[in-house]
Amino acid sequence: MQRLSVRHTLATAVTALCAIATTANAAPRSVANPLATEDQRVLDALAIEINNGHDFPVLKASAKAAYQTAHGLPISDEASSTLDAAIDELAFSAIQKAVNNDPYYPKVYVVDAGPREWFGLDVPGGRYSYDNPDCVYRTIPIDSGLSYIVTGKRFTPGPTDVSFSLISNPNSQNTVAYLAGEDLVLGSDGSYKITINSTSAEGATNHIQSTSDATQLLIRNNLGDWTTETPDEISVRIIDDASDHDPISKTKIVLDATSNLGQSIVTYGVGALGLKTSINAVNTLSDPSQSSSLGTLTSQASSFGHFELAIDEALVVTLTPGAATYFVVPVTNPWMVTTDPAKQISLNSVQADPNTDGTYTFVVSLQDPEVYNWINTTGLTEGTIMARWQGLPTGSESSSSSDVAIDIQVVPLSELASVLPTGTRYVTPSERAVQLEERAAGYARRLQG
Ligand SMILES: *[C@@H]1O[C@H](CO)[C@@H](O)[C@H](O)[C@H]1NC(C)=O
Ligand SMILES: *[C@@H]1O[C@H](CO)[C@@H](O)[C@H](O)[C@H]1NC(C)=O
């Protein structure tokens, strides 16, 4: 009943929004998906055009070699079979970063997402370096000499975790300034405005002070309950007069994409896959650590690992949430890319069922163990994992991350029951079917054009 009433409220909000959209541009839209914007359509179309005209064969070959080196030998046929697709998505992500890279003509662009068809466009996947299936990533290009207003609207319910990171480079993604979702002040109707300029942030609410090395605002909306939570509606306006500046040319976009792909090889191939992931022993996870580099948030702790599983084995992962307001345990292929987000390849703090002591135990396996907190490797016997905790305190007092923890062990499925905590929630096939249907329907909401 609870859920029905939430859905009803959402449906009412969506209907109201459709009415507004219809009056405003006389283009009837049956569904108001805040991600399916005109900016998105224009940028997706441009990214596809550039992708069709440029294959980047030399860079793709060197990306492939870097990923293979980071993985280490031997490389199974199963792992090899998905490498080219992962490199194609990496190249498309490099193009997506380049098409929305004009600080005089800023747009809001959803990136780092799986393939989709919308606006009559066949958009390739642009996932890389541990895309989080809960997260809607959006980018806005920023120049520190210019002033911007980002306008947003929060629906009910909104995302479980929201953050705005000003970063110095779209590839290494080092954070130079940060606005946490909990510090964002919303109007009574859920609307908000954020100013971005070089003025000091001291005492100001909804303001992000840009520094000379800022190039992009990276906005994360993490959805906990996919069936009810809606990402914010977000748009951007430049305050300065841009009329003296021509929009960046396609030649410049291709040069930027080339540079992005070159940097990606080092940052994600050598860095994320090699130094963060492969360095750990198989079927172990690194201790959670908080850092502001390699695309992670300053308020985030991450734990990396890679696994190898037989069909009759499972990984039992136990996570301690600590002070986190959101966490997720996703499984990715050997190249750090989600397989099919609509399948149960991840569970987060809202979706997962807790143990009686407040920890969470997940079973990662190929076969369905009939445990509620199952993470399906979707047939993979080999893959990678980046668990993450968000909403942690930032600053020096948090450097130890001591209140978050993760533990992992491999067990034969036949012995699973003996290692799972008492009170573990099991599911019947029909309960599983409902869980999976809700997830697939929740994911589909994000893809509606
Ligand atoms: C810069 O941001 C501050 C704080 O929100 C605001 O008062 C000021 O008007 C902004 N400056 C410009 C040029 O937009
Ligand atoms: C697990 O993933 C496999 C491979 O994608 C899929 O065929 C299967 O239906 C999934 N299992 C469930 C119960 O969703």
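Trainee: In this predicted model, what makes the pair formed by a polar side-chain atom of His 207 and an oxygen atom of ligand 1 a polar contact?

Mentor: The two atoms lie 3.4 Å apart, and a polar contact is a pair of N or O atoms within 3.5 Å, so the pair with His 207 counts as one. About the ligand as a whole, the protein buries 50% of the 360 Å² that ligand 1 exposes when taken alone.

Trainee: How do you know that Thr 195 and Asn 197 also make polar contacts with ligand 1?

Mentor: A polar side-chain atom of Thr 195 is 2.7 Å from a ligand oxygen, and for an N or O atom in the side chain of Asn 197 the distance to a ligand oxygen is 2.4 Å; the cut-off is 3.5 Å, and therefore both pairs qualify.

Trainee: Why are the residues around ligand 1 classed as polar?

Mentor: The shell consists of Ser 147, Thr 195, Asn 197, Thr 199 and His 207; none of these residue types is listed as nonpolar or charged, so the five count as polar.

Trainee: Turning to the cavities, why is the second largest one called a cavity and not a pocket?

Mentor: The second largest cavity, with a volume of about 140 Å³, is called a cavity because a 1.4 Å probe fits there but cannot get out, whereas a pocket is open. Its lining has 18 residues, and the closest to its centre are Ala 113, Arg 116, Cys 135, Tyr 443 and Arg 446.

Trainee: Which elements supply at least two residues of that lining each, and how does the lining divide by class?

Mentor: The elements are β4 (135–141) and α8 (429–447), and the lining comprises 10 nonpolar, three polar and five charged residues.

Conventions
Residues numbered from 1 in each chain as written. Chains lettered and ligands numbered in written order. Predicted model: local features only at pLDDT ≥ 70, side-chain atom pairs only at ≥ 80, totals over all residues. Heavy atoms only, no water. 1 Å grid on protein atoms, 1.4 Å probe; cavity = no way out; pocket = protein on both sides within 12 Å on 5 of 7 lines; lining within 4 Å. Points joined across faces, edges and corners; volume = space filled by probe spheres on them. Helix = DSSP H or I, 4+ residues; strand = E, 2+ residues; numbered from the N terminus. Near = heavy atom within 4 Å. Polar contact = N/O pair within 3.5 Å; in protein donor to acceptor, adjacent residues only side chain to side chain. Areas by Shrake-Rupley, 256 points an atom, 1.4 Å probe, with all protein chains shown as cover.
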